[in-house]
Amino acid sequence: MHTPIKLALAAVAAAAALSTSAQNAPQSAPQKAPLKVGLMLPNTGTFAALGDNIEKGFRLYVNEQGGKLAGREIQYFKVDDESDPAKATDNVNKLIKRDQVDVLVGTVHSGVALAMARAAKESNTLLIVPNAGADAITGAQCAPNIFRSSFSNWQPGYATGVVAAQKGYKRAMTITWNYAAGNETVKGFTESFEKGGGKVVKDLSLPFPNVEFQALLTEIAAQKPDVVFAFFAGGGAVKFVKDYDAAGLRKTVPLMGSGFLTDGTLEAQGAAAQGLITTLHYADDIDTPRNNAFRKGFALAYKANADVYAVQGYDAAQLLGAGLTAVGGDFTKRPEMLYAMGKTVIGSPRGKFGMSTSRNPVQDFYIREAKGNYNVVTGVAVKALADPGRGCKS
Ligand code: PHB
């Protein structure tokens, strides 16, 4: 008969034997836990399609690597941020505190992203921003654990101002939503346009995400500037470009914009967008093996055309992959991983790019023309444009 104590001892011995054999297991079968990626993107509202393509791009790269980055399986957690800054802190805390994600990826809207960056900084969670351009994220609010795979608002605004001045326009009006992205993009445009000899005579705006443009279009028609510079994106950009055309303005006052005005929106804008000139860090027909393979992969996976948002999501995954690879998938080696992410050169569909010292892409800005359903390259506005990173001290 076994006594209870003998049974207990036998169990301890069996457990010890098991754990010894586990320790001696060959190194070739590591059992690393999945890496938890929190996607905070808009699934509803005027930016819903943008969020969707960012996620598709991110997943495409991970899937191309067999569902793993540096040997770590990727587990996704998702929150719809609705592009609503008022809900942003609660939403990001669902990912940080409830789901305890390792990495945050998000978002589209600058105001929401600023709240994400604050929460990421406080909790020291790695954050990769795959769109929102809020200048402070890689400026005054920068942090070693915050990277961007997209752009700063200043960048496309500045690049468009260079082109508008080169075209010889002298008097410009600007129009946008009154929030960080609109205001900062207009500021970038004004800086280079006025440096190039032009003058911004009036800034027009309406609250995000309103689309009642009529009164503002009437004012443009009355003032007759040489050019209008616009920042809108997503559903709002579709409506704006159609309204601008319907008001008869396209033939009398040239419309320019950062490329978000016509990216991912051309199918819906149709004839109203044809011939519009924009600048952006991507164009559909960049004829490189990298871009061609990316677009083919995207089209096969999703039966849809890639756009700048898909590229930025794809490159967010590439950036994370580069960091993880440098530490053999060991996410606890944080300083080494962040260092590698800052130094890596991303083989992006947009062309190769590296990070500025404040961790924002240093990249070429293309001049594009809307033709059919594509934004085609007609030149380069500024090569290797780096955000000045104003106020970034870490
Ligand atoms: C932003 O809010 O930063 C933003 C949103 C949509 C874009 C670009 C920037 O297409």
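A disulfide, for the purposes of this talk, is a pair of cysteine sulfur atoms within 2.5 Å, and by this rule the count comes to one disulfide. What we have on screen is a predicted model, in which local features need pLDDT of at least 70 and side-chain atom pairs count only at pLDDT 80 or more, while totals for chains, interfaces and linings use all residues. Residues are numbered from 1 along each chain as its sequence is written, and side-chain values use heavy atoms, with hydrogens and water left out.

The disulfide joins Cys142 and Cys392, whose sulfur atoms are 2.1 Å apart, and with 85° about the S-S bond this link of Cys142 and Cys392 is right-handed.

Turning to the ligand, 16 residues surround it, where a residue is near if one of its heavy atoms lies within 4 Å; the closest are Val108, Ser110, Gly133, Tyr179 and Tyr309. This shell divides into eleven nonpolar, five polar and no charged residues, with Tyr and Cys counted among the nonpolar and Gly among the polar.

As for polar contacts, meaning pairs of N or O atoms within 3.5 Å, a polar side-chain atom of Tyr309 lies 2.7 Å from an oxygen atom of the ligand. A polar backbone atom of Gly133 is 3.0 Å from a ligand oxygen, and a polar backbone atom of Val108 is 3.4 Å from a ligand oxygen. The protein covers 100% of the 280 Å² of accessible area that the ligand has on its own, using the Shrake-Rupley method with a 1.4 Å probe.

Technical notes
Polar contact = N/O pair within 3.5 Å; in protein donor to acceptor, adjacent residues only side chain to side chain.
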